[in-house]
Amino acid sequence: MGGHTGGKASFTVSGKPSLASEGHHGLMTEDPASHEPRRPPPIARGGWLDVLRFVVGAMIVLYHFREAAPIPLPLLHPVFDRGYLLTDFFIIDSGYVLARVYGERLANRRIPLSVFYRQRFLRVAPAHFTVSLALAVLVLTAAVLGQTPSHPEWFDWSRFPAQLFLVQAYGVPGGEGWNAPTWTLSALLGCYVSLPFLARAARGLSPWAILALGVGGLLAANLAAHAAFGLPIYEMPLRLGFLRAFPLFALGVAVALFARQVYCPPRLAAGLGGLAFVALAGLQALGPHSLATLGLLTLIIFATGALPVGRPSRLVEHLALMAFAIFLTNEVIRIVWFGVLDALDWGSWSSSVRWTAWAIGLAAAFAGAAVFRYAFDRPTQALFNRPKSESRSTSRAPKTAVPAL
């Protein structure tokens, strides 16, 4: 039994209680005399999980800008057409992080549902409404000035109300056009509603049973999607976005509940994450292999979350906190930037100048997200959704001993 044998990581599981003490950085350390397993560290800001979140956010921006490049990026490699996998990562990651932060307290009813739902709604709604209405004002202003959008079909006013009120993932037309990526927010609102009940349903189950239910649920949903629509779960139409997102979110929740109960030594976690990353890169070179890719992305999330954050980086923390603003605003900035370039007939410019203009637009997406984050989103959250604790850590380690992985 124990998380270390001769200094090496092991895949042993112990169901017995163990004694542990808290180290200098708030991470759990082993009593050398006991040889008992350590506890999983809390997830914390400024670590590898935040790095991962920002990198994937940056790749989503690249995906949205792919077709506007002077040479469409998918012509360079088909991987640039697989942005849906990045969106799926964010859905799984959302389930993982929220379950690590809130799962135990929601399961034990220590957080009223009204408080949790209010917090989740206020995290999304103010920023979303502001960006959506700003885009509508831009389109109306352009119309008043006699400017026709390059792709007017993207701005069908009959679809705008569903998108504004975030109901486009529940069968209501509105997923295409405008700020189309917000279908994910629409679907996640429904997932947020489910989290307390998922956490309560998992009480009393072994961590391995929870993990099996999460993986099995996704596979079953994929088979059902094939049977009902002839499509895999990750290619479901946007109007059915909740049905697409829920199994992925539930998988993230299952991995989080597993991670709270099963200790993975840091060296083993780093090895698992590294191997999964190499396998992911190799797999994408061969083709989409979407289900296997989702499995590897989930393993990377688990491994990254198992790494203790001894020296949190303020820069990484701020970049990760900006990921939501990047996700919400990059499509709007793309529409505006390339709308201006189309009006200037940039297609007639030299190749080098066009690539420079494209790169400036890409940089503008990050700059615009930073401005939105610090000028609007952060002050708004401080006003409406201030966290009760000022602690940098986003979760607490379990108070009882857990099995070791």
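# A guided tour from helix α10 outward

Select helix α10. Of its 16 residues, 12 are buried, so the helix is largely enclosed by the rest of the structure. Keep in mind that this is a predicted model.

**Stop 1: helix α10**

Colour residues 290-305, the range of helix α10. Buried here means under 20% relative accessible area. Which residues of α10 are buried? They are Ser290, Thr293, Leu294, Leu296, Leu297, Thr298, Ile300, Ile301, Phe302, Ala303, Thr304 and Gly305. Now check the length. At 1.5 Å a residue, the 16 residues of α10 should span 22 Å. The end C-alpha atoms are 22 Å apart, so the span agrees.

**Stop 2: the Phe160 and Trp178 rings**

Switch to aromatic side chains. The whole structure holds 19 aromatic pairs. Select Phe160 and Trp178, which form a tilted pair. Their ring centres are 4.8 Å apart, and the planes make an angle of 55 degrees. Where do the two residues lie? Phe160 is in helix α5 (residues 160-164), while Trp178 is in the loop between α5 and α6 (183-201). The pair therefore ties together parts that are 18 residues apart in sequence.

Both Phe160 and Trp178 are buried. For Trp178, the relative accessibility is 2%. Add Phe155 and Trp157 to the selection: with Phe160 and Trp178 they form one aromatic cluster.

Stay on Trp178 and look at the backbone. Its phi is positive, about 50 degrees, although Trp178 is not a glycine. Most residues other than glycine have a negative phi.

**Stop 3: Arg109**

Go to the loop between α3 and α4, where Arg109 sits. Its phi is near 60 degrees, again a positive value in a residue other than glycine. Is Arg109 buried or exposed? Arg109 is exposed, with a relative accessible area of 56%.

**Stop 4: salt bridges**

Side chains of opposite charge can pair when their charged atoms come close. The structure holds 11 salt bridges.

Start with Asp93 and Arg53. Their closest N and O atoms are 2.5 Å apart. Asp93 lies in helix α3 (residues 83-107) and Arg53 in helix α1 (residues 48-64), so this pair ties together parts that are 40 residues apart in sequence. The two ends differ in cover. Asp93 counts as buried, at 2% relative accessibility. Arg53 counts as partly exposed, at 22%.

Stay on α3 and select Asp88. Its salt-bridge partner is Arg244, with the closest N and O atoms 3.0 Å apart. Asp88 is in helix α3 and Arg244 in helix α8 (residues 241-261), so to speak of distance along the chain, they are 156 residues apart. Asp88 and Arg244 are both buried.

Next, select Arg159 and Glu176. Here the closest N and O atoms are 3.1 Å apart. Arg159 lies in the loop between α4 (113-144) and α5, and Glu176 in the loop between α5 and α6. The two are 17 residues apart. Arg159 counts as partly exposed, at 28% relative accessibility. Glu176 also counts as partly exposed, at 42%.

Finally, show Arg123, Arg373 and Asp377 together. Salt bridges that share partners join them into one network.

**Stop 5: arginines over rings**

Keep Arg373 selected and add Tyr374. Arg373 lies over the face of Tyr374, at 5.6 Å from the ring centre. Then move to Tyr192. Arg120 lies over the face of that ring, at 5.5 Å from its centre.

**Stop 6: Thr356 and Ala69**

Select Thr356 in helix α13 (residues 351-384). Thr356 counts as partly exposed, at 45% relative accessibility. Draw a distance to Ala69. The two residues are 287 residues apart along the chain, yet their C-alpha atoms are separated by 9.9 Å.

**Stop 7: a nonpolar surface patch**

Turn on the surface and select Leu138, Val336, Val340 and Leu344. They form a nonpolar patch with about 320 Å² of accessible area together. Take Val336 as one of its members. Val336 lies in helix α12 (residues 323-343). Its relative accessible area is 36%, so Val336 is partly exposed.

Key
Residues are numbered from 1 along each chain as its sequence is written. This is a predicted model: local features need pLDDT of at least 70, side-chain atom pairs count only at pLDDT 80 or more; totals for chains, interfaces and linings use all residues. Side-chain values use heavy atoms; hydrogens and water are left out. Patches are made of residues with over 30% relative accessible area and no salt bridge: like charges are joined within 9 Å, nonpolar side chains (Val, Leu, Ile, Met, Phe, Trp, Tyr) within 5 Å. Accessible areas come from the Shrake-Rupley method with a 1.4 Å probe; for residues, only the protein chains shown count as cover. A salt bridge is a side-chain nitrogen of Lys or Arg within 4 Å of a carboxyl oxygen of Asp or Glu. Helices (H or I, at least four residues) and strands (E, at least two) are DSSP runs, numbered from the N terminus. Buried means under 20% relative accessible area, exposed over 50%, partly exposed in between (1.4 Å probe, protein chains only). Rings of Phe, Tyr and Trp (its six-membered ring) pair if their centres lie within 6.5 Å; planes under 30 degrees apart count as stacked, over 60 as edge-to-face and the rest as tilted. A charge sits over a ring if NZ of Lys or CZ of Arg is within 6 Å of the ring centre and within 35 degrees of the ring normal. The expected span of a helix is 1.5 Å times one less than its number of residues.
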